[in-house]
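Reader: Pick one helix here and give me a close look at it, end to end and side to side. After that, carry on to a hairpin and some ring contacts.

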Amino acid sequence: MMNERGKSDRSVVPEKLPNKADNHAAEVVEVRDRAKGNSPKRDKPWTLIQEGLPSALERVGQAARQDKKLRFTALLHHIYDVDRLRRAYYALEHEAAAGIDGETWKHYGENLMDNLQDLSGRLARGAYRARPVRRAYIEKADGRKRPLGVPVLEDKIVQRSAVEVLNAIYEVDFLGFSYGFRPGRSQHQALDAVAYGMWKKMVKWILDADLQSFFDTLKHDWLVKFLEHRIADRRVIRLIQKWLNAGVLEDGKRMVSEIGTVQGGSISPLLANIYLHYVLDLWVEQWRKTKAKGDVLVVRYADDFVVGFQHRKEAEQLLDELRERLAQFGLRLHPEKTRRIEFGRFAQQDRRARGEGKPETFNFLGFTHHCGTDQRGKFTVVRKTMRQRMLRKLTEVTLELRRRRHQPVNEQGRYVQALIRGHMNYYGVPLNSRAIRAFRVLVIRLWKKWLSRRSQKGYVNWDRMQCYIDRWVPAAVICHPYPSARFGG
């Protein structure tokens, strides 16, 4: 890699570390062969395979952290590294659907090392070609269908390897309020950041925003310009362009567009974060520092974000300027999902003084957020399972239990157990116990209904059902701590 002055700064095995360097030093020198006759023993470790020295990607991250304007010129060799490709292969979902070539994880692994060596060679000499993705659809909470793409297996492997390499750079750049699809970050951290931020800051107004068809409207030319801020390795840029231009295969027809990135590949979330980092995050952060007079809270998860304000006028100002900002890059806010509402510690008393009703609620990451109080009577953000999400899930459960009704009870029990446990792992947040208990009860009733319809004489009474419940149905428990436990530390 090179710095902006063109001086060589390659991330290779160092012969020695620079003298008087701080912890973020990135300067290294090339490796030289050992002189003949020198003892093979070493008094102290200095190779990458020995303890105490950073890995190649750690050194890339150190360089990125030290110089926020550094452009990396030698990255592709990290991506086609056979060991990294092998780890990427094993990290894939083993039973995932195959792409247009029909290649499965299991079949590819029967001759894994030869296949990966061949893939690495094609990447190194520029002979690798991205294949079109197979189109698939999943239903969204509002009843519409979200288009997804199913890449071929080798594209999945290379994309996952590329994400690992690029994360070493961009995890240094991304801002703290960005939580979506990042290592070590989760939806619950984003949810807790909203709740804790409203308790900690003087927030009276909320801008609940959603980008309309974001993955279908981001522009390739802008994305490439954003990538070039950090990546000067043209081979990596071309590799990403191959995925962007591979297109979608649907009903036997290949469709290619100069806008949008297909959801479903490992690279899409990272590219989306990079796009929004430059279009939204940096702009909002600068706006907050230079134009806001009161407190401003920002939390973003992918293309869904929440901004809290102390002053209504600033909420209106940011919304107007944000629309103009997004339009410059081909994006726009969803007209139905973007709202400015009064919300926060003082919303209830302010609205009561004006003779108005309770504060409005907003939805974020599957939860409806309410203004409420804790057991001590202090303000808190109460998060409840979104009604639409629960109803949609129960509809899916009904169809699935109907399909499984002739399976052995043990197989059905394992399905119900995994279903309820997964629901609690996500929705089991403090003050949402009533909703998760209701979901558990409704699933039990649905299971009993379809067990009783296995045959005309197969009615299951509650005594018998209780045995199944005791064996297979987990208790409804809260799985997550209060937001203050995560952020108040």
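Author: The helix comes first, then the hairpin, then the aromatic rings.

A quick note on the source: this is a predicted model, where local features need pLDDT of at least 70 and side-chain atom pairs count only at pLDDT 80 or more, while totals for chains, interfaces and linings use all residues. Residues are numbered from 1 along each chain as its sequence is written, and side-chain values use heavy atoms, with hydrogens and water left out.

Let's take helix α12, residues 312-327 (helices are DSSP runs of H or I with at least four residues, strands are runs of E with at least two, both numbered from the N terminus). Its 16 residues should span 22 Å at 1.5 Å a residue, and the end C-alpha atoms sit 23 Å apart, which agrees (the expected span is 1.5 Å times one less than the number of residues). Now for the sides. E314, A315, L318, L319, L322, R325 and L326 are the buried residues of α12 (buried is under 20% relative accessible area, exposed over 50%, partly exposed in between, with a 1.4 Å probe and protein chains only). Looking down the axis, these buried residues fall within an arc of 135 degrees, so they line one face of the helix (the arc is taken from the directions from the axis to the C-beta atoms). Over on the other side, K313, E324 and A327 are exposed. What covers the buried residues of α12? The cover includes β3, α11, β6, β7 and β8 (contact means heavy atoms within 4.5 Å).

On to the hairpin. Strands β10 (residues 367-373) and β11 pair in the antiparallel sense over 7 bridges (pairing takes at least two DSSP bridges between strands). There are 5 residues between them, and G377 in the turn has a positive phi of about 85 degrees. T373 has F379 in β11 as its bridge partner. In β11 (residues 379-385), 6 of the 7 residues are buried, so this strand is largely enclosed by the rest of the structure.

Finally, the rings. F214, F215, W222, F226, Y275, Y278 and F329 are linked into a cluster by ring pairs (Phe, Tyr and six-membered Trp rings pair with centres within 6.5 Å; planes under 30 degrees apart are stacked, over 60 edge-to-face, the rest tilted). The charged end of K225 sits over the W222 ring, 4.7 Å from its centre (NZ of Lys or CZ of Arg must be within 6 Å of the ring centre and within 35 degrees of the ring normal).
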